[in-house]
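Welcome! Open your viewer, get the selection tool ready, and let's take a short walk together.

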Amino acid sequence: MPIDLVLRSTRVITPDGERPAAIAVADGRIAQVLAYDAPPPDGARVVELGDDALMPGVVDTHVHINEPGRTEWEGFASATRAAAAGGVTTLIDMPLNSIPPTTTVDALAIKRDAALGRVHVDVGFWGGAVPGNVRHLEPLHHRGVFGFKCFLLHSGVEEFPQLPAAELAEAMEELARIDALLIVHAEDAQVIDSAPRRPGRAYADFLASRPREAENTAIEHLIPLARRLGTRVHILHLSSSDALPLIEAARREGVAVTAETCPHYLTLTAQDVPDGATEFKCCPPIREAANQDRLWEGLAAGTIDCVVSDHSPCTPELKRFDTGDFAQAWGGIASVQLGLAAIWTEASSRGHTLSDVARWMSAAPARLAGLARKGAITHGNDADFAVFAPEESFTVDPAALHHRNPVSAYAGRTLNGVVRSTWLRGRLIAENGKVREPAGRLIERGES
Ligand SMILES: [Zn+2]
């Protein structure tokens, strides 16, 4: 296969670290990692990136695209446009908030139809495990979903109920049998039900209604089940740093448990949230600065595997800016376009490198989803890149973001690191915030 493209940068982020290199691309794949000054093959287009970093495209395994059914919240075109502008080249869509939720093969087909031909990045799907759908898990698995999400408390939408204890065990047994991954919204319903509930504009009251114990208890219950049933379990959007020792201990004894956290838990703190500012509402909630420091330690230690957006938008009306009541507002933060810059801003100030960021946001999520050809700049992988100017900064203007509704918890914040361009399978899909025609594919688990 002839080399058609060479991208040359003094800062290529490879699995072995950062170095000057020239990346040769043939037919959408990385054909060779060449020395920086190697003469380019005849006929190849050469793109000189100078000192801009060439990073693996971000793999965001936690994105809620609410189409069909709640397309006014977010849709495939707008979400993937935001992803492309933000350096994301692959995302995996969560099974809920669309109608129907992705809990049957028929529902998956409806989602795929809605997405087909309209996605700007590669898109895969998680399935859902809900009461009564255990017989649908294996067929969905064979149709290429990347794993199954469940809730241990009310999900926020009626059509995606939580799994009671007996059905959780049943689903976990089935997933162990077919070797599929369970991904869990781990907050315990009983702890939340008995937490103090004071509606209103005070962020402290909202935080008290979603205590760390809810996460700690849920994870405490999950680990013995995972051990006993042999199910691979992934903890979604970990916010409580108290749970880190539990996860660490379980992994040390060989329980297959992984964890993710999100940019908002790592870059925003409860002290930052003004009363009534419901754009910061998400579940589990943004917590105190000391908790955040421990999450960073967990990430550095590898107890937390990956950082993914949990991009979960809604309409401004549902954020209830009219009342500023945290209890009434929809929970969710839309950040698929901003994750890379937000994380780099905080990571660099804490002494981490671009290689660390690429590990957390590209390599580890790709591994979680079993995407063998994504997440790293290495021979044979898809030529998916984010070209990133780490020393530049910008101020977030929600109206300039591509996701559907101009609401952002990062509004007005200055972030370091500008995504100059994004490349998907060797093709330029976004440049300086401008997104080109849809070139994404719908991807399936285990495809080669
Ligand atoms: Zn989510």
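Before the first stop, a word on terms: helices and strands here are DSSP runs, with at least four residues for a helix and at least two for a strand, numbered from the N terminus. Keep in mind, too, that this is a predicted model.

**First stop: the annotated span.** Select residues 54-428, which an unreviewed UniProt entry annotates as "domain: Amidohydrolase-related". Helix makes up 34% of this span and strand 17%, and its end C-alpha atoms are 13 Å apart.

**Next: the two assigned domains.** Colour residues 5-53 as domain 1, and 57-371 together with 392-416 as domain 2, following the domain assignment. Their centres, taken over C-alpha atoms, are separated by 33 Å. Where they meet, 5 residues of domain 1 contact 5 residues of domain 2. On the domain 1 side, those residues are 3 nonpolar, 1 polar and 1 charged.

**Now zoom in on helix α4.** Select residues 165-177 and check the length: 13 residues at 1.5 Å each should span 18 Å, and the end C-alpha atoms are indeed 18 Å apart. Which residues of α4 are buried? Show the side chains of L168, A171, M172, E174 and L175 to see them. Looking down the axis of α4, you will find these buried residues within an arc of 165°, so they line one face of the helix. That spacing has a simple background: an α-helix has 3.6 residues a turn, so residues three or four places apart point the same way.

**Around α4.** Add α3 (134-142), β9 (148-151), β10 (181-185) and α7 (212-229), the elements that the buried residues of α4 pack against.

**Last stop.** Select D179, just after α4, where phi is positive at about 55°.

Methods
Residues numbered from 1 in each chain as written. Predicted model: local features only at pLDDT ≥ 70, side-chain atom pairs only at ≥ 80, totals over all residues. UniProt positions renumbered as here; feature names shortened; annotations may be inferred. Expected span 1.5 Å × (residues − 1). Buried ≥ 20, exposed ≤ 12 C-beta atoms within 10 Å, placed from the backbone. Arc of directions from axis to C-beta. Contact = placed C-beta atoms within 7 Å. Domains from an automatic or database assignment. Nonpolar A, V, L, I, M, F, W, Y, C, P; charged D, E, K, R; others polar.
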